[in-house]
Amino acid sequence: MEWTQEAQAELEKVPKFVRNMAKSAVEKLAKEKGVSTVTPELVGETRDKYFNLLNKDKEGKKTTKVAIVRCNTVSEVCPGVGCLRAFNNRKLHFEEYGPDAELIGFFTCGGCSGRRVSRLVEKLKENYDLDVVHLSSCMLMDGDYPKCPFKNHIKQAIEMKNVKVVEGTHH
Ligand code: SF4
């Protein structure tokens, strides 16, 4: 895939640690559109495509701020690698995020019935401009532990803070 100098310059503005991911996203869109040369417009289009899915502001100034809440009980036996890997690699329930989305919180619910969630979401919203919370896959599936019987209650508590909820992380 060819890149114009101007498109390369746009890519250089992306932080180094996510630049390869950004490049892949642009080239994927180029292929979908059947073009063989990447232009700055295509770089911008890729950015808008990802950001619009998550209501990113039109100026392109605000990155999407993401948090994950997980089951307090399961956290006793799980270090959270699956959730974090899925986010870092933009897989499964994180697929739609652009390369500069940030994970700003990773916390447990605080125990049944999710007593910590409302307080922490409020803090993240007020101080860090949180956009979306993912409920970890461990809360949603019957496995070694049963799925969370308080899921709807937790979801509602998050939505009441005007924060979007996505069900799932890495399953
Ligand atoms: S409220 Fe749900 S997520 Fe939290 S500890 Fe209980 S079962 Fe796990």
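Ala, Val, Leu, Ile, Met, Phe, Trp, Tyr, Cys and Pro count as nonpolar here, Asp, Glu, Lys and Arg as charged, and the others, Gly among them, as polar. Keep in mind that all of these close-ups come from a predicted model.

**View A. The shell around the ligand has no charged residues.** Sorted by type, the shell comes out as six nonpolar residues and five polar ones. Going along the chain, the ligand is surrounded by Cys71, Asn72 and Thr73, then by Cys109, Gly111, Cys112, Ser113 and Gly114, and finally by Met139, Cys148 and Phe150.

**View B. Four parallel strands make an open sheet.** Read across the sheet, the order is 4-3-5-6. Strand 4 (102-108) and strand 6 sit at the edges, each pairing on one side only. On average, neighbouring strands here are turned by 25° against each other, direction ignored. Helix 5 packs on this sheet and touches strand 3 (65-70), strand 4 and strand 5. The direction of helix 5 makes about 160° with that of strand 4.

**View C. Zooming in on strands 5 and 6, we see two parallel neighbours joined by four bridges.** Look for Val133, which stands opposite Val165 in strand 6.

**View D. Helix 7 (residues 151-159) has Ile154, Lys155, Ala157 and Ile158 as its buried residues.** These four share one side of helix 7, because they cover an arc of only 160° around the axis. Swing round to the other side of helix 7 and you meet Asn152 and Gln156, both exposed. So what lies over the buried residues of helix 7? The cover includes helix 5 (117-128), strand 5 (132-135) and strand 6 (164-167).

**View E. Helix 4 (residues 81-88) buries Cys83, Ala86 and Phe87.** The arc they cover around the axis is only 100°, so they end up on the same side of helix 4. Strand 3 and strand 4 are what the buried residues of helix 4 pack against. Just past the helix, check the backbone: Arg90 follows helix 4 with a positive phi, near 50°.

**View F. Leu29 belongs to helix 2 (residues 19-33).** Is Leu29 buried or partly exposed? Leu29 has 17 other C-beta atoms within 10 Å, so it counts as partly exposed; a buried residue would need 20 or more. Thr46 is also worth finding in this view: 17 residues separate Leu29 and Thr46 along the chain, yet their C-alpha atoms are 6.8 Å apart.

Key:
Residues are numbered from 1 along each chain as its sequence is written. This is a predicted model: local features need pLDDT of at least 70, side-chain atom pairs count only at pLDDT 80 or more; totals for chains, interfaces and linings use all residues. A residue is buried if 20 or more other C-beta atoms lie within 10 Å of its own, exposed if 12 or fewer, and partly exposed in between; C-beta atoms are placed from the backbone. The arc is that of the directions from the helix axis to the C-beta atoms. Two residues are in contact if their C-beta atoms, placed from the backbone, lie within 7 Å. A residue is near a molecule or strand if its C-beta atom, placed from the backbone, lies within 6 Å of it. Two strands pair if DSSP finds at least two bridges between them. Axes are lines fitted to C-alpha atoms, for helices over the stretch in contact, and angles run from 0 to 180 degrees between N-to-C directions.
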